[in-house]
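I set out to look up a small number of local features and to record each one in turn. The entries below follow the order in which I consulted them.

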Amino acid sequence: MNIGEAARASGISAKMIRYYESVGLVGPAVRSDNGYRVYSNAEVHMLRFIRRGRDLGFSTTQIEQLVRLWRDQGRSSAEVKRVAQEHIDELQQKISELEEMKRTLEHLARHCHGDQRPECPIIDDLAGGRSG
């Protein structure tokens with residue numbers, strides 16, 4: 001199938017397929033006589049694997065590791081779990097940072113009068129002063 005069909009079948013845009021090829025996440029596509037990329041069902045399956053990894057928030061580097069492990073029939077599940085746990089730890093850190101941002105913004109919003117006065121702790125905080 002051509003790149004447009006592979007994109008539809010995998011849920012990854014043609015632009016991203018080209019990017020993944022350029023960074024070596026997927027191998028170079030076979031080319032037809034007219035120079036168009038041609039993808040097999042196995043390659044589309046690989047693209048779906050990558051898409052699922054991206055949906056779960058894995059980085060390109062982590063997906064590279066997971067693709068390598070997927071291809072390695074002698075892999076240990078411990079190595080796969082290590083990659084997943086590393087990602088879980090990163091997600092937990094991001095969640096903590098987002099919760100802190102939310103608390104800060106809630107505090108600032110509670111202390112902003114939200115009326116016609118120009119004074120606003122939100123603006124003061126963004127400008128570098130602490131208010132509230």
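I first fixed the term for burial: buried means under 20% relative accessible area, exposed means over 50%, and partly exposed lies in between, with a 1.4 Å probe and protein chains only. The model is a predicted one, in which local features need pLDDT of at least 70 and side-chain atom pairs count only at pLDDT 80 or more, while totals for chains, interfaces and linings use all residues. Residues are numbered from 1 along each chain as its sequence is written, and side-chain values use heavy atoms, with hydrogens and water left out.

**Entry 1: helix H1**

I took helices (H or I, at least four residues) and strands (E, at least two) as DSSP runs, numbered from the N terminus. Helix H1 spans residues 3–10, and I looked up which of its residues are buried: they are Ile-3, Ala-6, Ala-7 and Ser-10. These residues lie on the same side of H1, because they cover an arc of only 105° around the axis; the arc is that of the directions from the helix axis to the C-beta atoms. An α-helix has 3.6 residues a turn, so residues three or four places apart point the same way.

I then looked up the packing partners, taking contact to mean heavy atoms within 4.5 Å. The buried residues of H1 pack against helix H2 (14–22), strand S2 (37–38) and helix H3 (41–55). At the start of H1, I noted a side-chain oxygen of Asn-2 within 2.9 Å of the backbone nitrogen of Gly-4. After H1 comes Gly-11, with a positive phi near 80°.

**Entry 2: salt bridges**

A salt bridge is a side-chain nitrogen of Lys or Arg within 4 Å of a carboxyl oxygen of Asp or Glu. How many salt bridges does a search of the whole structure find? The search finds seven, and I looked up three of these pairs.

In the pair Glu-21 and Arg-37, the closest N and O atoms are 3.0 Å apart. Glu-21 lies in helix H2 and Arg-37 in strand S2, so this pair ties together parts that are 16 residues apart in sequence. Glu-21 is buried at a relative accessible area of 17%, and Arg-37 is buried with a relative accessible area of 17%.

Arg-82 pairs with Glu-86, and their closest N and O atoms are 3.7 Å apart. Both lie in helix H5 (residues 77–110), four residues apart, about one turn of the helix. Arg-82 is partly exposed at 39% relative accessibility, and Glu-86 is partly exposed at 33%.

For Asp-115 and Arg-117, I recorded 2.8 Å between the closest N and O atoms. Asp-115 is partly exposed at 37%, as Arg-117 is at 43%.

**Entry 3: Gln-62**

Is Gln-62 buried or exposed? At 2% relative accessibility, Gln-62 counts as buried, and its place is in helix H4 (residues 60–71). Leaving aside residues up to four places away in sequence, I found that Gln-62 touches Val-83, Glu-86, His-87 and Glu-90.

**Entry 4: Asp-33**

I located Asp-33 in the loop between strand S1 (30–31) and S2. Asp-33 is exposed, with a relative accessible area of 89%. From C-alpha to C-alpha, Asp-33 and Ala-9 are 23 Å apart in space, and they are 24 residues apart in sequence.

Definitions and conventions. A polar contact is a pair of N or O atoms within 3.5 Å; within protein, one must be able to donate a hydrogen and the other to accept it, and residues adjacent in sequence count only if both atoms are side-chain atoms.
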